[in-house]
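User: Hi! Could you walk me through how to read the empty spaces, ring contacts and backbone features of a model?

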Amino acid sequence: MNSGPVPVPTALDVWAPPRRLQGLQPYPLADVPDIKARLLAEGGSVIDLGVGDPGLPVPGIALDTLREAVLDPALSKYGFQRGLPAYREAIAGWLMRRFGAAVDPELEVLPVIGSKEAIALTAFAVLDRGDSVLVPDPGYAPYFGGSYFAGADVIRVPLRPEEGFLIPPETIRSAPGKLRLVYLNYPNNPTTAVAEASYLEEVVTACRERNAVLLFDNAYSEITFDGFRAPGLLDIDGGREVGIEFHSMSKTYNMTGWRLGWATGNRTVISALKRVKTFFDTGSFMALQAAGAAVLNDPDEYIRWSLDHLTRRREAAFKAFRAAGLDVTKPRGTLYLWFPVPTQESAEEFCRRLLLDAGVVLLPGSAMGEGGEGFVRASLAIPEDRWEEAGGRIREAL
Ligand SMILES: *Cc1c(COP(=O)(O)O)cnc(C)c1O
């Protein structure tokens with residue numbers, strides 16, 4: 001006999017989050033999506049400069065290839081870590097065109113499901129519990145996340161304007177403990193700083209001295225301005241001996257949701273990462289890899305086209321934000337503007353007020369680590385002709 005609903009204990013009656021989760025800081029402005037939805041429901045308009053996604057159309061050849069590839073039953077099978085050989089070969093070809101470097105597509109390339117997951121999992125491939133790891137602060141969440149979950153001793157290195165937002169090689173040399181991994185990202189999210197090859201050389205040398213692996217996140221390698229060409233590990237003598245480098249189709253080809261990227265570089269680290277990944281994932285959909293291969297084999301016109309848009313957005317954004325009284329400079333790389341909070345407020349307070357009063361979403365630097373306090377990040381996420389309005393709204397709120 002059914003005598004009404006049986007009381008079921010809720011998860012919270014029996015389950016408390018493990019200490020591991022309790023050790024994570026809450027994300028500032030976690031309520032932004034809710035506030036944004038409320039403003040929109042009340043008939044307001046919101047300009048979202050918070051997300052690092054320019055929303056430009058993906059390359060046509062990606063769509064054409066995917067349309068065909070989904071019909072091929074062979075591509076519906078598990079890809080496993082090896083994935084589609086054509087994708088690995090296209091990656092090797094792209095790296096040869098871009099860096100003039102020959103890599104072995106089987107041993108020096110690893111396809112990843114977007115670079116984020118594998119950037120985090122590299123910590124499990126390299127670090128023992130208690131080893132030291134350097135992560136830039138502010139920095140991309142998986143650097144800290146992977147290291148923290150792997151039980152390593154995370155040393156956050158503040159990125160300082162007076163040091164060009166570069167981690168001084170001396171910091172690597174003198175890091176305490178058994179240093180085994182250094183995370184580095186240039187062109188840098190969020191500070192927009194770029195690194196010269198000579199800096200990378202010094203970092204490679206310092207990592208070799210410490211016997212530490214260098215993880216170089218080159219997600220923005222193709223998004224640079226004013227003729228600056230971003231260097232990579234494959235450009236550097238000995239780079240491949242100490243490190244691995246990550247690339248992603250997310251920003252380069254506006255394919256954020258497709259989850260296509262790769263790691264390249266030191267074979268021992270690549271092989272260890274591959275081993276870790278066999279316990280976590282089974283590779284990305286091979287039809288997507290086929291589309292990725294077609295894009296990578298295509299001439300680089302798309303990148304020029306996309307960069308052209310971003311360059312015009314950068315000009316419009318710079319002009320509008322200057323007119324609003326913000327202390328912005330033109331970034332040499334990435335999709336962002338990075339500028340000091342113009343008031344006495346914390347970055348979070350400033351961004352919250354701008355959302356509520358002006359309907360403009362910005363990212364407080366502190367959302368990417370304490371080292372980002374006092375700064376704000378704005379994404380080049382809206383078309384050229386909307387920046388004047390964005391700037392006008394900010395000026396009024398100030
Ligand atoms: C966007 C971004 C990536 C790319 O992430 P995917 O997971 O490949 O989409 C990697 N590193 C940084 C710093 C980024 O901002």
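Analyst: Happily! Let's start inside: the lining of the largest cavity is made up of four nonpolar, five polar and two charged residues. Here Ala, Val, Leu, Ile, Met, Phe, Trp, Tyr, Cys and Pro count as nonpolar, Asp, Glu, Lys and Arg as charged, and the others, Gly among them, as polar. Please keep in mind that this is a predicted model, where local features need pLDDT of at least 70 and side-chain atom pairs pLDDT 80 or more, while totals for chains, interfaces and linings use all residues. Residues are numbered from 1 along each chain as its sequence is written, and side-chain values use heavy atoms, without hydrogens and water.

User: How is a cavity found, and how many cavities of 30 Å³ or more are there?

Analyst: In general, rolling a probe the size of a water molecule over the atoms shows where empty space is left. On a 1 Å grid over the protein atoms alone, a cavity is a set of points where a 1.4 Å probe fits but cannot get out; a pocket is an open set with protein on both sides within 12 Å along at least five of seven lines; lining residues have an atom within 4 Å of a point. Points are joined across faces, edges and corners, and a volume is the space filled by probe spheres set on them. In this model the count is two cavities of 30 Å³ or more. The largest cavity has a volume of about 50 Å³, and its lining includes Phe80, Pro111, Lys277, Asp281 and Gln289.

User: Which residues line the second largest cavity?

Analyst: Leu29, Val32, Cys351, Arg352, Leu355, Val360, Val361 and Leu362 do, around a space of about 30 Å³. Two elements give two or more residues to this lining, α15 (347-358) and β10 (360-361); helices (H or I, at least four residues) and strands (E, at least two) are DSSP runs, numbered from the N terminus. Helix α15 has the largest share, with three residues. By type, the lining of the second largest cavity has seven nonpolar residues, no polar ones and one charged.

User: And the open spaces? Which domains give residues to the lining of the second largest pocket?

Analyst: Domain 1 (19-57 + 302-397) and domain 2 (60-297) both do, so the second largest pocket lies between them; the bounds come from an automatic or database domain assignment. The volume of this pocket is about 220 Å³. It is lined by 13 residues, with Arg98, Glu222, Arg229, Asp300 and Ile303 closest to its centre. Both α5 and α14 (301-323) contribute two or more residues. Six residues of this lining are charged, four nonpolar and three polar.

User: How do I read aromatic pairs, and how many are there?

Analyst: Rings of Phe, Tyr and Trp (its six-membered ring) pair if their centres lie within 6.5 Å; planes under 30 degrees apart are stacked, over 60 edge-to-face, the rest tilted. The model has 15 aromatic pairs. One of them joins Trp94 and Trp262 edge-to-face, 5.4 Å centre to centre with 75° between the planes. Trp94 is in helix α5 (residues 85-99) and Trp262 in strand β8 (residues 261-265), so this pair ties together parts 168 residues apart in sequence.

User: Are these two tryptophans buried or exposed?

Analyst: Buried means under 20% relative accessible area, exposed over 50%, and partly exposed lies in between (1.4 Å probe, protein chains only). Trp94 is buried at 4%, and Trp262 is buried at 1%. For a stacked case, take Tyr143 and Tyr183: their ring centres are 5.0 Å apart and their planes are at 25°. This pair links helix α7 (residues 141-149) with strand β5 (residues 179-185), 40 residues apart. Tyr143 and Tyr183 are both buried, and together with Tyr140 they form one aromatic cluster.

User: What should I look for in the backbone?

Analyst: Most residues other than glycine have a negative phi, and most peptide bonds are trans. Here Tyr186 and Pro187 are joined by a cis peptide bond, with omega about -10°. The bond from Asn189 to Pro190 is also cis, with omega near 10°. Pro187 is in the loop between β5 and α9 (197-210), as is Pro190.

User: Where are the residues with positive phi, Asn211 and Thr334?

Analyst: Asn211, with phi near 60°, is in the loop between α9 and β6 (213-217). Thr334, with phi about 75°, is in the loop between α14 and β9 (336-340). Asn211 is exposed at 56% relative accessible area, whereas Thr334 is buried at 0%.
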